[in-house]
Amino acid sequence: MEVKLMGYRVFLLLLVLFSGQLLAGPAIQSWTTEKGARVLFVPAPELPMLDLRVVFDGGSARDTIPGVAALTSALLEEGAGDWDANEIARRLDSVGANMSVDSQRDMAWLTVRTLTEKRALTETMDTVAQVLGAPRFDMDAFERNRKAMLVSLNHDEQSPGAVAQKRFMNTLFGDHPYASQVEGTKESLARITREDVLAHYKKYYVAKNALIAIVGAVDRAQAEQLAELVTAGLEPGEPAPELPPVADLDGPQTLNIPFPSSQSHILMGQPGMHRGDPDYFVLYVGNHILGGSGLVSQLSEEVREKRGLSYSVYSYFSPMRRNGPFLIGAQTQNAKAAEALDVIRQTLARFIEQGPSEAELTAAKQNITGGFPLRIASNSKILGYLAMLGFYDLPLDYLDTFVDKVNAVTTEQIRETFKRRVKPDQLLTVVVGREPSAR
């Protein structure tokens, strides 16, 4: 085990020391299709494969009824044109292609991976174009997926972690569109009609509201043809309107939710930052030291190592189109929940006041930048970055400048920025457990 770990560390060190070119990101090409979809493309000729993702600004933040966006996304691969779900699956299986759909608060997307051999590429992309441009939304598929979502909601009710997460997000965002539960609620799912799904599709699954990311063994001309093909059936449409800003919390709030679980689930946080936020790198590096680096973080040291209150404690910023959550999470024995909360609050307050040491910052930078080559070590990872950069309109040199921006962060910047952005007197705390005693 130790030999394997040492070998892994040596591998990372060699990557950093002797492969300086790997610290730069891939060359990204960008253009717009005839119907108005933006395209980001990275040629990757090493393997005869292609990864493609089409992202729409049509996540749950655009819900007219909670769950509409998720149901629309799920129904895409249930039938299109003359093909039912079985025929779509057969066409993709016959050429070894994989396709998936999903949605979150900001976005909904379709991802496909295929070989670039002519028959495989043609069969796969024709299928994708039909799925995106001519979904059927059959009633039997509609009802089957609605029931599946209800089953999932029933399962979530038995999970204290899911209960805590939903209550935290719903309370944190209040009247903002981000408060809409991605998977809907039992009440909202019962109200959704096929017409609601069709209206969501027509408004948000349009070319000008789409971002296409392509990574694979095709040249620029082929990539342009593929982008035109997969959006051929879409209406040009219009981009989704701007979302309203997320309001800061106006004071502390604690929710104790009784639950028959052996452990209490703790979530604590407030609105954090958005994609493209000028404080992104300072908050990102600072949080890595506070609670984002696993067992060596300050939160883990105080809560887990010194006091044994929790096996796992963490923190993260989740940047979205608008300010996503800054969140601290932990699980602990029910009787230890209050003590764990006190330690978390004290650790956060001390970090905001004092910030990290120079040694902690140096270690964090080495950890983050040392792992950078692995962030872009596969086509699928590069595809994910392209989709993120394009959807949030971030600079195309984001990956090229990532390491330099991390290395430029100082302890003084972390102290100043955390004091300005994180308010310990405005934290939302959610505790789900058998003997909630948070305050």
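**Exercise 1. Which residues does Thr 185 touch, not counting residues up to four places away in sequence?**

Solution. Leave out the sequence neighbours, and Thr 185 touches Pro 66 and Leu 153. Contact means heavy atoms within 4.5 Å. The model is predicted: local features need pLDDT of at least 70, side-chain atom pairs count only at pLDDT 80 or more, and totals for chains, interfaces and linings use all residues. Residues are numbered from 1 along each chain as its sequence is written, and side-chain values use heavy atoms, with hydrogens and water left out.

Next, place the residue. Thr 185 sits in the loop between helix H6 (160-173) and helix H7 (186-191). Helices (H or I, at least four residues) and strands (E, at least two) are DSSP runs, numbered from the N terminus. Thr 185 counts as partly exposed because its relative accessibility is 28%. The cut-offs are under 20% relative accessible area for buried, over 50% for exposed, and in between for partly exposed (1.4 Å probe, protein chains only).

Then look along the chain. His 200 is 15 residues from Thr 185 in sequence and 18 Å away in space, C-alpha to C-alpha.

**Exercise 2. Find the residues that UniProt lists for "domain: Peptidase M16 N-terminal" and for "domain: Peptidase M16 C-terminal".**

Solution. The unreviewed entry lists residues 51-185 for the N-terminal domain. That span is 49% helix and 18% strand, and its end C-alpha atoms lie 33 Å apart. For the C-terminal domain, the unreviewed entry covers residues 191-367. Here the chain is 41% helix and 20% strand, with 48 Å between the end C-alpha atoms. UniProt positions follow the numbering used here, feature names are shortened, and annotations may be inferred rather than shown by experiment.

**Exercise 3. Describe how H11 packs against H12.**

Solution. Two packed helices are described by the angle between their axes and the distance between the axes. The axes of H11 and H12 come within 10 Å and cross at roughly 150°. H11 is therefore roughly antiparallel to H12. Angles under 35 degrees count as roughly parallel, over 145 as roughly antiparallel, 65 to 115 as roughly perpendicular and the rest as oblique. Axes are lines fitted to C-alpha atoms, for helices over the stretch in contact, and angles run from 0 to 180 degrees between N-to-C directions.

Now list the partners. From H11 come Gln 298, Leu 299, Glu 302 and Val 303; they meet Val 343, Ile 344, Thr 347, Arg 350 and Phe 351 in H12.

Last, see what is buried. In helix H11 (residues 298-305), the buried residues are Gln 298, Leu 299, Ser 300, Glu 302 and Val 303. Their cover includes helix H10 (280-292), strand E11 (313-317) and helix H13 (358-370).

**Exercise 4. At what angle do H10 and H17 pack?**

Solution. H10 and helix H17 (residues 411-421) pack at about 95°, with their axes 9 Å apart. They are therefore roughly perpendicular to each other. Among the H10 residues that meet H17 are Val 282, Leu 283 and Ile 289; H17 residues in this contact include Ile 414 and Phe 418.

**Exercise 5. Is His 288 buried or exposed?**

Solution. His 288 lies in helix H10. Its relative accessibility is 10%, so His 288 counts as buried. Its contacts, beyond residues up to four places away in sequence, are Ser 293, Ser 297, Ala 364, Asn 367 and Ile 368.

**Exercise 6. Where do Phe 137 and Asp 393 lie?**

Solution. Phe 137 is in the loop between helix H4 (118-133) and helix H5 (139-157). Its phi is positive, near 50°. Phe 137 is buried, at 2% relative accessible area. Asp 393 is in the loop between helix H15 (379-391) and helix H16 (398-407). Its phi is also positive, about 55°. Asp 393 is exposed, at 58%.
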